[in-house]
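Trainee: I would like to go through this model one step at a time. Where should we begin?

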Amino acid sequence: MAPSNRTEELAHGGIDDDVQPVTADVTNKNASSNETQKTSSVKFWDKSFSLLWQSIFNVFSAIGLYGMFWRPVYAYLALLHRKGVTPLRFMNYGFAAITEGDEKALAHKRAILKEEPEDEHTNINLYERTLALHPLHPHKLDGLDLLEISCGHGGGLQWIERAHPTLKSVRGMDMTIVDTMGGKVFQGNAYNVPLADESVDIVLNVESSHCYDDQPRFLRNCYRILRPGGYFLWTDIRPVGIFADFWINDPVDAGFELVGPILDWNEQIVKSLDQKSKLVFSKFSEHWYTRMFNFFWATFWGLPNTGMYRSIVDRKFLYRAAAWKKPAVQ
Ligand SMILES: C[S@@+](CC[C@H](N)C(=O)[O-])C[C@H]1O[C@@H](n2cnc3c(N)ncnc32)[C@H](O)[C@@H]1O
């Protein structure tokens, strides 16, 4: 049986101290989201969402092909990006600060964040907040080698290069590449990273691991390529009861030590979706060939009042973040 949220939190000595209860804010969010205009196809999709999701997951994972579900989706997004139709640098839900810890983690880069496109601020925040799980963030990351597994269209890497220029190297890997960024980004599978053992200091993984079939194998790869004392910084979303083991047992089985609490970011993600998901969704409605999949994009981008959005608000999906360390002495 999948552990409840509380069981997971207790298993790790509690989640972040400054996590707020969800209830009060959610009322306002629901009120504002009622204003959202929905097409009939979106309503239909919304009603079927949970059932469909579970069915897809069950069928594909039963035959060991869960990752196959996502491949065409990201190949399609990459194609749109390459053609300049919907050139999105980021494919995550974004993060809006709520707690003092969030504010502190994001504060030092606010000045340069202002120079980035405003509609990407919450996407960038998600990267910076995840990087801030590293104990040497923000000022002592000098000379470290960072690899992002599943870097998508590279927006996060571009931000990290800009905001943390003293890192020795910033590289990315993804199954689907849109831009090699001068050789810094390469193609590869999360289960089989084409890098030498003990060759990086930080592995970053942002809102991507839900796509992988074999999570333990992915974690073993992260462990293998990290130098002793290196960090695996992770954030992602999971339906309750699915993959719950990921943040409990799998990293430890791979050899990692959990550093700090497992953070609960549902509220921060909902706040970000309230700010930006309509904008992203509208970009997908500009052309007939993207508009015909509106029923899917609405929930994919977490538009308010879709099944995905409500599942995060109602905590049927959990958005988590944590840092694990490869022990310095093996
Ligand atoms: C939700 S997107 C997130 C991308 C990026 N981290 C961001 O925040 O913009 C998930 C990414 O995971 C990649 N992906 C899915 N399965 C993968 C695999 N087995 N190996 C490597 N990358 C994979 C997809 O191609 C996609 O770019």
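**Helices, sheet and ligand shell**

Mentor: Begin with two helices: where α7 passes α8, the crossing is right-handed. Keep in mind that this is a predicted model.

Trainee: Is α7 parallel, perpendicular or oblique to α8?

Mentor: Helix α7 covers residues 121–131, and its axis lies 10 Å from that of α8. The two pack at an angle of about 60°. Angles from 65 to 115 degrees would count as roughly perpendicular and those under 35 as roughly parallel. The angle here falls in neither range, so α7 is oblique to α8.

Trainee: Which strands stand at the edges of the sheet?

Mentor: The sheet is open, has 7 strands and shows mixed pairing. Its order is β3-β2-β1-β4-β5-β7-β6. A strand at the edge has a single partner, so one of its sides is left without a neighbour in the sheet; the strands in that position are β3 and β6.

Trainee: By how much are neighbouring strands of this sheet turned against each other on average?

Mentor: The value is an average over neighbouring strands of the sheet. It ignores direction, and it comes to 15°.

Trainee: What is the hand of the crossover from β4 to β5?

Mentor: Strand β4 (residues 200–206) and strand β5 (residues 226–239) run parallel and are joined by 6 bridges. Within β5, W234 stands opposite N205. Between the two strands the chain goes through helix α9, residues 215–225. This β-α-β crossover is right-handed.

Trainee: Which residue of β4 is the bridge partner of E148?

Mentor: Strands β1 and β4 run parallel, with 3 bridges between them. One of the pairs involves E148, whose bridge partner in β4 is L204.

Trainee: Which residue of β7 is the bridge partner of L233?

Mentor: Strands of a sheet can pair either parallel or antiparallel, through backbone hydrogen bonds. β5 and β7 (residues 317–325) pair in the antiparallel sense, over 9 bridges. The bridge partner of L233 in β7 is A323.

Trainee: Which residues does the cis peptide bond join?

Mentor: Look in the loop between α7 and β1, where P138 has its place. Omega of this bond is about 5°. The cis peptide bond joins H137 and P138.

Trainee: What is the phi of E198?

Mentor: E198 is found in the loop between β3 and β4. This residue is not a glycine, yet its phi is positive. The value is about 50°.

Trainee: Which element gives the most to the shell around the ligand?

Mentor: The ligand is surrounded by 21 residues, and the closest are N92, S150, G152, A190 and C211. Two elements give two or more residues to this shell, α4 (66–82) and α8 (155–163). By class, the shell holds 10 nonpolar, 9 polar and 2 charged residues. The element that gives the most, with 3 residues, is α4.

Terms used
Residues numbered from 1 in each chain as written. Predicted model: local features only at pLDDT ≥ 70, side-chain atom pairs only at ≥ 80, totals over all residues. Near = placed C-beta within 6 Å. Helix = DSSP H or I, 4+ residues; strand = E, 2+ residues; numbered from the N terminus. Nonpolar A, V, L, I, M, F, W, Y, C, P; charged D, E, K, R; others polar. Pairing = 2+ DSSP bridges. Right-handed = clockwise from strand over helix to strand, strands pointing away. Axes fitted to C-alpha atoms, helices over the stretch in contact; angles between N-to-C directions. Parallel < 35°, antiparallel > 145°, perpendicular 65-115°, else oblique. Left-handed = near helix turned anticlockwise from the far one by under 90°.
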